[in-house]
Amino acid sequence: ARAAGLTTAATNFTDQPTVQKLNNDLDLYFRENPEELKSLHRDNFGLPAFWNKRTKVDDKVADATIATAEISQARKLPWLPKNRQIIRPEEGIFPIQIDIEYVGYFLQKIEASWLNMMNKEGSQPYKTSFVRFLVSEIDKKARQEDRIATIKGVYVETPEDATTPGRFINRQNGLLYLAQQARDVTKKYRPFDLGMPTPTNIVDYVDNFIKQLPYDVRTQQGLVLYLSDFWLKAYKRRSETLFGGNNDYTGYPTNPKDYNNIKFEVLVDMEGSDFMFMTFDDNIEVLENIPAEKSMYHFEYLKRMIYIWADYKMGVRFLHIGNPVVEGDPLEFS
């Protein structure tokens with residue numbers, strides 16, 4: 001309305017009907033336009049921009065079981081239901097939530113602090129402008145956690161009777177976990193036995209890694225070698241020593257020597273790990289339901305308290321990682 005010139009009044013964020021209408025309008029717009037809103041800088045949040053993203057994913061269920069606890073009991077007077085049932089799907093995407101609360105009493109203290117310049121609401125406890133600033137900082141932290149969990153996450157179910165919040169790293173399974181499970185548990189691929197990389201052997205190590213692949217695979221376009229920043233820098237320094245005659249060399253190498261069809265890609269959250277893996281650039285997919293939900297916060301005001309929450313779903317997967325082999329097969333990893 002202000003943009004259309006229909007009103008000049010500022011929005012009253014302490015007015016309950018206004019707040020509810022804003023929440024409803026945002027919810028409707030995000031759900032009706034999931035492809036239009038890609039959440040700006042929050043969309044890729046530090047992950048490789050070329051990774052595919054699949055939206056409108058509710059639950060990827062391959063199999064599910066339902067468990068029912070005991071139900072009958074002796075006759076008694078009070079109503080004491082005990083129908084506990086649990087459905088456990090095999091998920092590729094995980095529900096995530098953000099719960100925030102602010103106490104009005106503590107927000108009022110900014111009136112007498114160096115943060116007083118941010119107080120635009122006077123003496124009342126709902127310091128909405130300050131809270132919006134705090135939530136914007138929380139949103140940045142949430143996107144950082146999205147990136148880390150997508151690579152290093154290991155899902156641990158939070159008990160329904162939990163009294164402490166769960167850790168963000170346990171909210172979903174990340175790429176490293178998926179790779180480890182496929183290597184050691186389901187044995188869907190066989191790792192190369194190349195020994196340990198060192199700053200001295202890293203160039204030969206990468207070359208030997210590539211040569212382990214069948215010729216018709218290692219010569220295809222679109223291959224990506226994922227590694228940590230430490231090992232890319234080590235590759236750079238060693239290659240400068242070995243191939244110092246290349247006066248045109250500038251910056252970090254983007255491809256292993258003699259393989260222009262293979263791209264180096266640093267995953268910042270692999271720092272400290274010697275693990276490296278190679279796959280095609282379209283074989284990793286980020287799963288989301290509605291991308292904009294990640295930053296769609298709902299506000300509720302009650303008895304000098306501000307409650308804020310957001311719910312969204314995220315996951316990651318390899319489209320294809322390999323096929324399990326039967327026990328005793330020569331290709332079986334042991």
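The following exchange asks how some labels given to this predicted model are justified.

Residues are numbered from 1 along each chain as its sequence is written. In this predicted model, local features need pLDDT of at least 70, side-chain atom pairs count only at pLDDT 80 or more, totals for chains, interfaces and linings use all residues, and side-chain values use heavy atoms, with hydrogens and water left out.

Me: Why does R317 count as buried?
Reply: Buried means under 20% relative accessible area, exposed means over 50%, and partly exposed lies in between (1.4 Å probe, protein chains only). R317 has 19% relative accessibility, so R317 counts as buried.

Me: Why does T219 count as partly exposed?
Reply: T219 has 36% relative accessibility, which lies between the two limits, so T219 is partly exposed.

Me: What makes the link between R317 and E285 a polar contact?
Reply: A polar contact is a pair of N or O atoms within 3.5 Å; within protein, one must be able to donate a hydrogen and the other to accept it, and residues adjacent in sequence count only if both atoms are side-chain atoms. The side chains of R317 and E285 are joined at 2.9 Å. T219 also has a short entry here: its side chain reaches the backbone oxygen of Y215 at 2.8 Å.

Me: What makes the aromatic pair of Y226 and F277 stacked?
Reply: Rings of Phe, Tyr and Trp (its six-membered ring) pair if their centres lie within 6.5 Å; planes under 30 degrees apart count as stacked, over 60 as edge-to-face and the rest as tilted. For Y226 and F277 the centres are 4.7 Å apart and the planes 15° apart, so the pair is stacked. Y226 and F277 are 51 residues apart in the chain, and both are buried. They belong to one aromatic cluster with W51, F275 and F318.

Me: How do you know that the charged end of K236 sits over the ring of Y252?
Reply: The rule asks for NZ of Lys or CZ of Arg within 6 Å of the ring centre and within 35 degrees of the ring normal. K236 is 5.7 Å from the centre of the Y252 ring. R143 lies over the face of Y312, at 5.5 Å from the ring centre.

Me: How do you know that β4 and β10 pair?
Reply: Strands (E, at least two residues) and helices (H or I, at least four) are DSSP runs, numbered from the N terminus. Two strands pair if DSSP finds at least two bridges between them. β4 and β10 have ten bridges, in the antiparallel sense, so they pair.
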